[in-house]
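Please open the model in your viewer and keep the selection panel at hand, since each stop on this tour begins with something to select.

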Amino acid sequence: MTHTARRMFELLEPICLVTYFADECNEELAALGHRTYWEGYFASRAAPLGRVPAQVVHAAFYSFADGEAARHIPSAWETIPPEASVAARERGSAASVRRILGDGMAGSPGLLRAADLTTRAATNAPTEGRVMYAGMRALPVPGDPVARLWHSATMLREHRGDGHVAALVGARIGGTEAHVLDALARGIHPPESFGRLHHLPKERLAAVMAGLRERGLVDADGRFTDAGRETKQRIEALTDELAAPPYEALSPAELDELTAELEPITARLVAGTRPRR
């Protein structure tokens, strides 16, 4: 099932990423009154948790630097209720998927079947220890097939993310350190130039790199050591293992069917979505 979890991640992730890389979601959040991209991001992604303090959002999101959540939470909710933000995120994301796929694919029996199977998987995993996933599970599942596919793919993304956080915590890898390892795995050097790191204070990045060197995970040149590469691989393998339970709700034949239905949808979304940053 770990192979299945990795393959489903590859197929479902582009459905989720329209939220961040296409225009409609950001436009919906801006129309509500969110002043910046990141304000809308924090407000809408954290919204399923309710009006929790910044410390809780920081802990659940895990990968953001200290203080980044507090720039937007709880101020983002002072005039815009969390319920409005999460509804705008879903509305805009579904609109992006529908636009990119076109009427033919968006209204096809294949997409309906993919939405049904993805929803069954997404609603049949334990919530214990899965804070972000549990928040998404508490939301109503949309009736519209396109919105339901996006919603269920996002549930599964948060389920996987919760497991990834658990794997990182078990390996004693902090959020910023995780971005360094991710950058190196992508072949980015120096890792400090990675888009999720370069904006951080140089002193903070230097301290993180020094800590990874002290642990023997990166070398003096800021590249993977064998131990660092093995640690990254172990984290990814455990993430796949922890992401597998939802797919146990589907039979092998249904998993094959879901893969076949998702492949053209994913290919169309990848071709039609360009990163904003």
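The tour below goes through the nonpolar cores, a single alanine, the largest pocket and the salt bridges of this predicted model.

**First stop: the nonpolar cores**

Begin by selecting L12, I15, L101, L262, I265 and L269, which are the residues with the most contacts inside the largest nonpolar core, a set of 36 residues. To see where this core comes from, colour helix 1 (2-21), helix 5 (82-106), helix 6 (109-122), helix 7 (131-137), helix 8 (145-170) and helix 12 (252-272), the elements that each give two or more residues to this core. Helix 8 gives the most, with seven residues.

Now centre the view on I15 and show its surroundings: leaving out residues up to four places away in sequence, I15 touches V97, L149, W150, A153, L262 and L269. A second core, separate from this one, has 23 residues, and A171, I173, L200 and F224 are included in it.

**Second stop: A147**

Select A147 next, which lies in helix 8. Is A147 buried or exposed? Its relative accessible area is 8%, and because buried means under 20%, A147 counts as buried. With its neighbours within four places in sequence set aside, A147 is in contact with A94 and P142. If you then draw a distance from A147 to G228, C-alpha to C-alpha, the two are 40 Å apart in space, with their positions 81 residues apart in sequence.

**Third stop: the largest pocket**

Display the largest pocket, which has a volume of about 1800 Å³. Its lining is made up of 49 residues, and selecting S63, R157, H179, R186 and R196 will bring you to those that lie nearest its centre. The elements that give two or more residues to this lining are helix 1, helix 3 (37-46), helix 4 (54-61), helix 8, helix 9 (175-185) and helix 11 (226-242). Which helix provides the largest share of the lining? That is helix 8, with eight residues. Colouring the lining by residue type shows 24 nonpolar, 10 polar and 15 charged residues.

**Fourth stop: the salt bridges**

A search of the whole structure finds 19 salt bridges, and three of them are suggested here for a look.

Select R6 and D240, which form a salt bridge whose closest N and O atoms are 3.1 Å apart. R6 lies in helix 1 and D240 in helix 11, so this pair ties together parts that are 234 residues apart in sequence. The partners can be compared by their accessibility: R6 is partly exposed at 24% relative accessible area, whereas D240 counts as buried at 10%. With this pair still on screen, add R160, K232 and E236, since R6, R160, K232, E236 and D240 are linked in a network of salt bridges.

Move on to R7 and E263, whose side chains meet in a salt bridge at 3.0 Å, N to O. This pair links R7 in helix 1 with E263 in helix 12, distant parts of the chain that are 256 residues apart. R7 is partly exposed, at 27% relative accessible area, and E263 also counts as partly exposed, at 37%.

End with D144 and R98, where the salt bridge has an N to O distance of 2.7 Å. D144 lies in the loop between helix 7 and helix 8 and R98 in helix 5, so the pair ties together parts 46 residues apart in sequence. D144 is partly exposed with a relative accessible area of 35%, and R98 is partly exposed with 31%.

Definitions and conventions
Residues numbered from 1 in each chain as written. Predicted model: local features only at pLDDT ≥ 70, side-chain atom pairs only at ≥ 80, totals over all residues. Heavy atoms only, no water. Core = buried A, V, L, I, M, F, W, Y, C linked by side-chain atoms within 4.5 Å. Buried < 20%, exposed > 50% of the residue type's maximum accessible area, 1.4 Å probe, protein only. Helix = DSSP H or I, 4+ residues; strand = E, 2+ residues; numbered from the N terminus. Contact = heavy atoms within 4.5 Å. 1 Å grid on protein atoms, 1.4 Å probe; cavity = no way out; pocket = protein on both sides within 12 Å on 5 of 7 lines; lining within 4 Å. Points joined across faces, edges and corners; volume = space filled by probe spheres on them. Nonpolar A, V, L, I, M, F, W, Y, C, P; charged D, E, K, R; others polar. Salt bridge = Lys/Arg side-chain N within 4 Å of Asp/Glu carboxyl O.
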